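User: I am new to this structure and would like a close look at one part of it, the salt bridges, set out in connected prose with enough of the surroundings to place them. Please take the charged pairs one by one.

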Amino acid sequence: PLFVSLGPSVGLFYYTRRQHIAQSENLQSNVALVSGGIRSDAQWMWTSDLQVRAAVQLTLLSLGFHSVNSNVSDQSSSKSLLPFRGLDAAGEIGVRYAVTNALHVSAAYRLAVTRVSEWDFFMSATDNLIVTVSYAF
């Protein structure tokens with residue numbers, strides 16, 4: 001059988017960048033997003049011991065924060081951002097195997113993309129291979 005769920009999600013993203021340019025002072029900028037959005041999960045029981053899992057998470061509205069230590073600007077350092085200006089999205093796919101009733105092993109691939117274009121253009125993408133072992137007492 002296939003199980004699908006859809007619900008709300010909350011996310012927090014923070015990034016600091018330090019630049020060392022020639023003889024000038026060190027430049028530092030910070031970007032942060034506090035986001036609310038939706039998340040969908042799906043689980044498919046391939047066999048009684050093996051599950052295939054997938055998840056997608058997408059922001060609908062974010063509160064963005066931005067600061068730069070060397071520039072004085074009249075721009076606001078915090079703004080409400082719609083997905084067109086502040087996107088935080090992630091997708092995950094993996095398998096979970098029940099070795100015994102109490103011991104489970106899983107492996108998954110996760111891709112996360114964050115894009116902020118309200119102040120200066122910023123884009124970050126990370127991908128991870130996640131391996132977990134869980135034991136229920």
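Analyst: In this predicted model, D41 forms a salt bridge with R39, and the closest N and O atoms of the two are 3.1 Å apart. Both partners can be placed by their accessibility: D41 counts as partly exposed at 25% relative accessibility, and R39 is likewise partly exposed, with a relative accessible area of 25%. Neither residue is classed as buried, because that word is kept for residues under 20% relative accessible area.

The count of salt bridges comes to 2, and the other one joins E92 and R110, with the closest N and O atoms 3.6 Å apart. Here the positions along the chain add something, because E92 lies in strand β5 and R110 in strand β6, so that this pair ties together parts that are 18 residues apart in sequence. As for accessibility, E92 counts as partly exposed at 27%, while R110 is partly exposed with a relative accessible area of 24%.

To see where these pairs sit, it helps to step back to the chain as a whole. The chain has 7 strands and 0 helices, so its elements, read from the N terminus on, run β-β-β-β-β-β-β. Of its 137 residues, 23% count as buried. Among the contacts with a separation of 6 or more, 56% are between residues 24 or more positions apart. The accessible surface of the chain comes to about 9400 Å², and carbon and sulfur atoms account for 60% of that surface.

Strand β6, which holds R110, spans residues 103-116 and also contains T114. T114 is buried, with a relative accessible area of 3%, whereas R110 is partly exposed. The side chain of T114 makes a polar contact with the side chain of D88, at 2.9 Å. When the neighbours within four places in sequence are left aside, the residues in contact with T114 are F13, L33, L87, D88, F122, M123 and S124.

On the surface, a nonpolar patch of about 730 Å² is made by L6, I38, L58, L60, L61, L82 and F84. Strand β3, residues 50-68, gives the largest share of this patch, with 3 residues. Another member of the patch, L82, is found in the loop between β4 (78-81) and β5 (86-98).

Aromatic residues complete the picture, and the structure holds 2 aromatic pairs. One of them is formed by W44 and W46, whose rings are stacked, at 5.8 Å centre to centre and with 20 degrees between the planes. Within this pair, W44 is partly exposed, with a relative accessible area of 40%, and W46 is exposed, with a relative accessible area of 54%. Y135 and F137 form an aromatic pair that is edge-to-face, at 5.2 Å centre to centre and with 75 degrees between the planes. Both of these residues count as exposed, Y135 at 53% relative accessibility and F137 at 95%.

To return to the charged pairs, D41 and R39 form one salt bridge, and E92 and R110 form the other, the latter linking strand β5 with strand β6.

Terms used
Residues are numbered from 1 along each chain as its sequence is written. This is a predicted model: local features need pLDDT of at least 70, side-chain atom pairs count only at pLDDT 80 or more; totals for chains, interfaces and linings use all residues. Side-chain values use heavy atoms; hydrogens and water are left out. Helices (H or I, at least four residues) and strands (E, at least two) are DSSP runs, numbered from the N terminus. Buried means under 20% relative accessible area, exposed over 50%, partly exposed in between (1.4 Å probe, protein chains only). A polar contact is a pair of N or O atoms within 3.5 Å; within protein, one must be able to donate a hydrogen and the other to accept it, and residues adjacent in sequence count only if both atoms are side-chain atoms. Contact means heavy atoms within 4.5 Å. Patches are made of residues with over 30% relative accessible area and no salt bridge: like charges are joined within 9 Å, nonpolar side chains (Val, Leu, Ile, Met, Phe, Trp, Tyr) within 5 Å. Accessible areas come from the Shrake-Rupley method with a 1.4 Å probe; for residues, only the protein chains shown count as cover. A salt bridge is a side-chain nitrogen of Lys or Arg within 4 Å of a carboxyl oxygen of Asp or Glu. Rings of Phe, Tyr and Trp (its six-membered ring) pair if their centres lie within 6.5 Å; planes under 30 degrees apart count as stacked, over 60 as edge-to-face and the rest as tilted.
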